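Trainee: Could we take a close look at just one part of this model? I'd like to go through it slowly, together with whatever sits around it.

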Amino acid sequence: VIRLPGSKRGVALSTDCNSRYCYLDPRLGAAHAVAEAARNVACTGARPLAITNCQNFGNPYKPEVFWQFREAIAGMSEACRALATPVTGGNVSLSNEDGETAIRPTPVIGMVGVMDDVELRVPMGFQAEGDIIVLLGSTRDEIGASEYLATVYGVEAGQVPALDLEAEGRLCRLLVSAASRRLLSSAHDVSEGGLAVALAECAVAGGLGAALSIDCGGDSGPAPDRLLFSESGARALVTLSAGRLGQFMALASGLNVPAAAVGRVGGDRLCVEFGEVEGAGTGAGAERRLDVSVEALSKAYEEAIPCAMEG
């Protein structure tokens, strides 16, 4: 978020693209990139306004590469129309390959948004002990094309998560409206890596842990790993004080955005329990599935590049 000189207005910027999505389904993957960029901007409290783009592909004289390019442009166009974020410009980089193998299609989206007062900006990290954590949107059993499937099982395949552009628009409007009312302590989108990674990022950014209890929905509900790592779209994590919860939930209901209080901020560990639980964060009747210190999360995050180079 950048403050405009001589003004209270601010500009929010985000760039996004999941090349795995675009490799498996170029049209849907490009649309996801637009939607994720819009969510990121909206999480700051800024209204998504317009995009630029950088289209990175292999040799377009190869039919399969030209098809990827065409599909990605179609997906980007569809999402931009649905979210009312016109394309202001961009560039294209082609023939990115070694002669035999092309890069994955990577249509990077740069989203810009605007806020009237930068003092209303919402940070990503957890901010205060005792704040309520609310999960916005619906988590479905969508593990295909996920970071979890690739990292844990070495499989890069499956169906890219479905994309509901109307739901994405409603979520963005809720985030912007809540920020303008000063209801939120923090906000962060749920995307690559799912809920588990979003929680870890919030904990690392804020230096605070959290305790969550998530209802699996009984025997018919998704398995805990699916709930943690599903990459379903149109989701975000927000935190707010208990006194503002009622007003926020009413606002979410009015905009038809699913919202569930799932825990509280506090401590120096990130703990997630699963089961049919009475009350978020109580742990009654739940089975603990995730318990890690914020220090360990921060170490893994900060030392990722040295570890990768050593490996």
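Mentor: Sure, but first some ground rules: an axis here is a line fitted to C-alpha atoms, for helices over the stretch in contact, and angles run from 0 to 180 degrees between N-to-C directions. Bear in mind that this is a predicted model, where local features need pLDDT of at least 70 and side-chain atom pairs count only at pLDDT 80 or more, while totals for chains, interfaces and linings use all residues. Residues are numbered from 1 along each chain as its sequence is written, and side-chain values use heavy atoms, with hydrogens and water left out.

Let's pick helix α5, residues 165–180, and start at E168, which belongs to it. Helices are DSSP runs of H or I with at least four residues, strands are runs of E with at least two, and both are numbered from the N terminus. Is E168 buried or exposed? It counts as buried because its relative accessibility is 1% (buried is under 20% relative accessible area, exposed over 50%, partly exposed in between, with a 1.4 Å probe and protein chains only). Leaving aside residues up to four places away in sequence, E168 touches A35, R39, L83, L163, G233 and A234, a contact being heavy atoms within 4.5 Å.

Now take L83 from that list, since it leads us to a helix neighbour. E78, A79, A82 and L83 of α3 meet L165, E168 and G169 of α5. The two helices pack at about 45°, with axes 9 Å apart, and that makes α3 oblique to α5. The cut-offs are under 35 degrees for roughly parallel, over 145 for roughly antiparallel, 65 to 115 for roughly perpendicular, and oblique for the rest. α3 passes α5 in a right-handed crossing (the near helix is turned clockwise from the far one by less than a right angle; anticlockwise would be left-handed).

Next comes α8, residues 245–254. Its axis comes within 10 Å of that of α5, and the two cross at roughly 150°, so α5 and α8 are roughly antiparallel. L174, S177 and A178 of α5 make the contact with F248, L251 and A252 of α8. Here too the crossing is right-handed.

What about cysteines? The structure holds zero disulfides, a disulfide being a pair of cysteine sulfur atoms within 2.5 Å. For C43, the nearest cysteine sulfur is that of C172, 7.9 Å away. Seen from C172, the closest cysteine sulfur is in C43, and 7.9 Å is too far for a bond. Both are covered: C43 is buried at 4% relative accessibility, and C172 is buried with a relative accessible area of 7%.

Finally, follow α3 outwards. α3, residues 63–83, lies across β3 (47–56), β4 and β5 (106–115), and runs at about 175° to β3. Those strands sit in an open, mixed sheet of five, ordered β1-β2-β5-β3-β4. β1 (2–3) and β4 (87–93) are at the edges with a single partner strand each, so each has one side without a neighbour in the sheet. At the β1 end, β1 pairs antiparallel with β2 (residues 10–16) over two bridges, pairing meaning at least two DSSP bridges between strands. Within that pair, R3 stands opposite G10 of β2.
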